[in-house]
Amino acid sequence: MAKNQLLCSLDIGTSNTRAIVGEVDRDGNVNIIGIGLSKSTGLKKGIIIDIEATVRGITDAVGQAEHMVGEDINSVYIAIGGPQTALLSNKGVVAVQGEDKEVTGNDVERAIQAAQVLAIPPEREIINISPVTYIVDGYEGIKDPIGMIGVRLEVEALIVTGKATYLQNIRRCVERAGIEVAGLVFKGLSSGAVALSPDERELGCAFIDIGGGVAEISLYQHDTILDFISIPQGGDLITHDLAHGLRVSYAQAEQIKQVYGAGTKETAGGDTIKIESVGANQPYEIEVAQLVDFIQPRIEEMFDFIRNELINAGFSQPPGGGIILTGGTCQLPGLAEIATRKLGTNVRVYRPRHIGVTDPSFTASTSVLQFVAGHNPMILQKKVRGGRQERFLDKIRSLFAELFG
């Protein structure tokens, strides 16, 4: 892959590993041209428990994306979240250089570097740093100080840290797959920057990504991320309940959930399906609406858990900007309605807006590309080659037909 021509993101989840390849046009727009999706068998609740299985998942996902693009992928940006991440805040202060005392990009960079000088435990590592606000000679609330005149420049910064061993294992898996780690990107920042409107971030909102193993809650207010919470609640629990309730294999329960699952009777279909129970001599029939009896209680429990986390984080009343849901589990019909009832505020589901990629399970991986493109002007010089989009759509249809039937 030629330097700065293509960007690739990698989202290593509990259920699936996703690789997304995008090209960036001169206006900074990301055009998705390659996608890879493989089952994850080496993670549990977002934590790597099997290195070799994780490496295989990465290799498969990236290999599929390479096949679509027709070029080798040598480096990736990795989406990072889960229970191993934490947020800190710190302030950096520098004297403005230059005889005319005009704040330059170099001054801003030095201030951000100064904010990174803080005592963190040796078992943790800085992932990302994000400026929240600047102060020039005591004047607060400045979003962009470049060009202003002043003597003293301060920055209040948000610092994202991760458990060092967790990050080292992620890097090791990617490198063992023969791929260079171009960078780590905190999902709470990248997804929030892309999926949330300025009004939602200003009024205060909760962005909830519900995956297979965990639900990740990013809390925003005054255009700043306040907190990031990862809880062990995800779609795998629903699959587990179906497997035990219907007495079927986990793989069959997952397929039943994806094809026929619903959170409420109103959103369930009226079909009847055949179930092949483990150890039974012959299949039996069940109405699809009966699946709700297994699914709805788990979804309600999940949002009860989330409501308690919001209260503990200081939102005794629902946030003014509402709740924004994303992630693969959010595709269950009726789930958003249960969330609205349980959380007592407006709820919407965010889906990526790329041609051929609108599945909410791809929010994290596509947002990383957009976030990196917006923060690295070097990649904006690449021209988009024509003729790829239709071939990409044909290949993505084929990929999903192969994976999910």
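What follows is a walk through the packing in this predicted model, from its nonpolar cores to a pair of helices.

The natural place to start is the inside. In soluble globular proteins, nonpolar side chains tend to be buried together. Here, the largest nonpolar core takes in 60 residues. Leu-10, Val-21, Ile-58, Val-76, Ile-78, Ile-80 and Val-174 are the ones with the most contacts inside that core. Helix H1, which runs over residues 51–69, supplies the largest share of the core, with 7 residues. A separate core lies apart from this one and has 36 residues, including Ile-210, Ala-215, Ala-253 and Leu-332.

Val-174 gives a good view of how the bigger core is put together. Once neighbours within four places in sequence are set aside, Val-174 is in contact with Leu-10, Ile-12, Ile-58, Val-76 and Ile-78, and also with Ile-179 and Val-181. Of these partners, Leu-10, Ile-58, Val-76 and Ile-78 are themselves among the residues with the most contacts inside the core.

Aromatic rings come next. The structure has just 1 aromatic pair, made by Phe-186 and Phe-228. The two rings meet edge-to-face, with 4.8 Å from centre to centre and 75 degrees between their planes. In sequence, the partners are 42 residues apart: Phe-186 belongs to strand S11 (residues 180–186) and Phe-228 to strand S14 (residues 224–231), so the pair links distant parts of the chain. Phe-186 counts as buried because its relative accessibility is 0%. Phe-228 is buried too, since its relative accessible area is 10%, under the 20% limit. Elsewhere, a ring has a charged partner: the charged end of Arg-18 sits over the ring of Phe-362, 5.2 Å from the ring centre.

A polar side chain is also tucked away. Gln-84 sits in the loop that joins strand S6 (75–80) to strand S7 (85–95). With a relative accessibility of 18%, Gln-84 counts as buried, because the cut-off is 20%. Beyond residues up to four places away in sequence, Gln-84 touches Ile-47, Arg-124, Thr-161, Gly-162, Lys-163 and Tyr-166.

Finally, there is a helix pair to look at. Helix H6 (residues 235–246) packs against helix H8 (residues 292–312) at an angle of about 145 degrees, and their axes are 9 Å apart. The crossing of H6 past H8 is right-handed. On the H6 side, the contact is made by Leu-237, Ile-238, Asp-241, Leu-242, Gly-245 and Leu-246. H8 contributes Phe-294, Ile-295, Arg-298 and Ile-299.

Terms used. Residues numbered from 1 in each chain as written. Predicted model: local features only at pLDDT ≥ 70, side-chain atom pairs only at ≥ 80, totals over all residues. Heavy atoms only, no water. Core = buried A, V, L, I, M, F, W, Y, C linked by side-chain atoms within 4.5 Å. Buried < 20%, exposed > 50% of the residue type's maximum accessible area, 1.4 Å probe, protein only. Helix = DSSP H or I, 4+ residues; strand = E, 2+ residues; numbered from the N terminus. Contact = heavy atoms within 4.5 Å. Phe/Tyr/Trp six-rings, centres within 6.5 Å; stacked < 30°, edge-to-face > 60°. Lys NZ or Arg CZ within 6 Å of the ring centre and 35° of its normal. Axes fitted to C-alpha atoms, helices over the stretch in contact; angles between N-to-C directions. Left-handed = near helix turned anticlockwise from the far one by under 90°.
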